[in-house]
Amino acid sequence: MESSHTPPEPALSEPSSLPDVSRLRIRRMRDEDTAGILPIESVSFGRQHWSPESFRNEMNNPLGRYYVFAEAAQDAAEAPCEQIIGYCGLWVVIDEAHITTLAVHPQRRGQHLGELLFSHCLDRLMGQVIHVVTLEVRASNTGAQALYQKYGFEVMGVRPRYYQDTHEDALIMSLNAFLGEENRKRYAELKQALMQKFNGALPQGFGLP
């Protein structure tokens, strides 16, 4: 399965393009969410995208935790009342965590939503005894790499021709000593900066199991 391959997010043209955080929430992924996830998955990852069965298997994996980023409709009378605009997932194996997937709807990129999802994954790991967090990313995906590097991840190796659709290499990135003082301080500062972008608030469900 392909991991941690958020498409690059372009710079925002103006702060007003940020969504209303009061309408956003992060919650656990459910079986019925696959209908809203698959359009994002297929356009984000092409021929190598996960199938509905893959998502269901991951949701039933005792090591996995999968989440959707949902936005409430502006008008409660609209149907559906909630739209999935992104999702993420991770595994926790003893004292190591691996971010398995992360994607945002193409029309919603450039709004810091990918960073919110990524930060959510890290935040929910803070209360556990996690020593290392790893992920894989396409060698060409410099936008995602820059985000991960900002949070302290470093390239630790390469998986040659890892991606079946293009035979592109995958970079293995790792954040060691995850709960160390330096990493905790960095994360706290980045989380505060992210909150400030959304007027001091974070989506409902951020960081919850």
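Modeller: Before we start, a residue counts as buried under 20% relative accessible area, as exposed over 50%, and as partly exposed in between. Please also keep in mind that this is a predicted model.

Biologist: Thanks! Is cysteine 81 buried, exposed or partly exposed?

Modeller: The relative accessibility of cysteine 81 is 46%. Buried needs a value under 20% and exposed a value over 50%, with the remaining class in between. Cysteine 81 therefore counts as partly exposed.

Biologist: How many disulfides does the structure hold?

Modeller: For a disulfide, two cysteine sulfur atoms must be within 2.5 Å. The count for the structure is zero.

Biologist: And which cysteine has the sulfur nearest to that of cysteine 88?

Modeller: Cysteine 88 takes part in no disulfide. The cut-off for a disulfide is 2.5 Å, whereas the nearest cysteine sulfur is 3.6 Å away and belongs to cysteine 121.

Biologist: What is the relative accessibility of cysteine 88?

Modeller: Cysteine 88 counts as buried. That class takes in values under 20%, and the value for cysteine 88 is 0%.

Biologist: Let's turn to charges. How many salt bridges does a search of the whole structure find?

Modeller: Side chains of opposite charge can pair when their charged atoms come close. A salt bridge needs a side-chain nitrogen of Lys or Arg within 4 Å of a carboxyl oxygen of Asp or Glu. Searching the whole structure for such pairs gives a count of eleven.

Biologist: Glutamate 82 forms a salt bridge with arginine 25; how far apart in sequence are these two?

Modeller: The closest N and O atoms of glutamate 82 and arginine 25 are 2.9 Å apart. Glutamate 82 sits in strand β3 (residues 82–93) and arginine 25 in strand β1 (residues 24–28), so by the DSSP runs the pair links distant parts of the chain, with a separation of 57 residues.

Biologist: Which residue forms a salt bridge with glutamate 136?

Modeller: The closest N and O atoms of this pair are 2.7 Å apart, and the partner of glutamate 136 is arginine 159. Glutamate 136 belongs to strand β5 (residues 132–138) and its partner to strand β6 (residues 154–159), so parts 23 residues apart in sequence are tied together. Glutamate 136 is buried at 5% relative accessible area, and the partly exposed partner, at 35%, is arginine 159.

Biologist: Where does lysine 150, the salt-bridge partner of glutamate 115, lie?

Modeller: In the salt bridge between glutamate 115 and lysine 150, the closest N and O atoms are 3.1 Å apart. Glutamate 115 is in helix α3 (residues 113–125), and lysine 150 is in helix α4 (residues 142–150). The pair ties together parts 35 residues apart in sequence, and the element that holds lysine 150 is helix α4.

Biologist: Is glutamate 115 buried or exposed?

Modeller: Its salt-bridge partner, lysine 150, is partly exposed, with a relative accessible area of 38%. Glutamate 115 has a relative accessibility of 7%, so this residue counts as buried.

Biologist: Now the interior. Which element gives the most to the largest nonpolar core?

Modeller: In soluble globular proteins, nonpolar side chains tend to be buried together. The largest nonpolar core here has 40 residues, and those with the most contacts inside it include Phe118, Val133 and Tyr151. The top contributor to this core, with seven residues, is α3.

Biologist: How many residues of α3 are buried?

Modeller: α3 reaches 19 Å from its first C-alpha to its last, close to the 18 Å expected at 1.5 Å a residue. This helix is largely enclosed by the rest of the structure, because the number of its residues that are buried is 13 of the 13.

Biologist: Which residue in the loop between β4 and α3 has a positive phi?

Modeller: Most residues other than glycine have a negative phi. One residue in the loop between β4 (96–104) and α3 has a phi of about 65° without being a glycine, and that residue is histidine 112.

Biologist: Last one: is arginine 161 buried or exposed?

Modeller: Arginine 161 lies in the loop between β6 and β7 (170–176), and this residue has a positive phi of about 50°. At 54% relative accessibility, over the 50% cut-off, arginine 161 counts as exposed.

Notes
Residues are numbered from 1 along each chain as its sequence is written. This is a predicted model: local features need pLDDT of at least 70, side-chain atom pairs count only at pLDDT 80 or more; totals for chains, interfaces and linings use all residues. Side-chain values use heavy atoms; hydrogens and water are left out. Helices (H or I, at least four residues) and strands (E, at least two) are DSSP runs, numbered from the N terminus. Buried means under 20% relative accessible area, exposed over 50%, partly exposed in between (1.4 Å probe, protein chains only). A nonpolar core is a set of buried Ala, Val, Leu, Ile, Met, Phe, Trp, Tyr and Cys residues joined through side-chain atoms within 4.5 Å. The expected span of a helix is 1.5 Å times one less than its number of residues.
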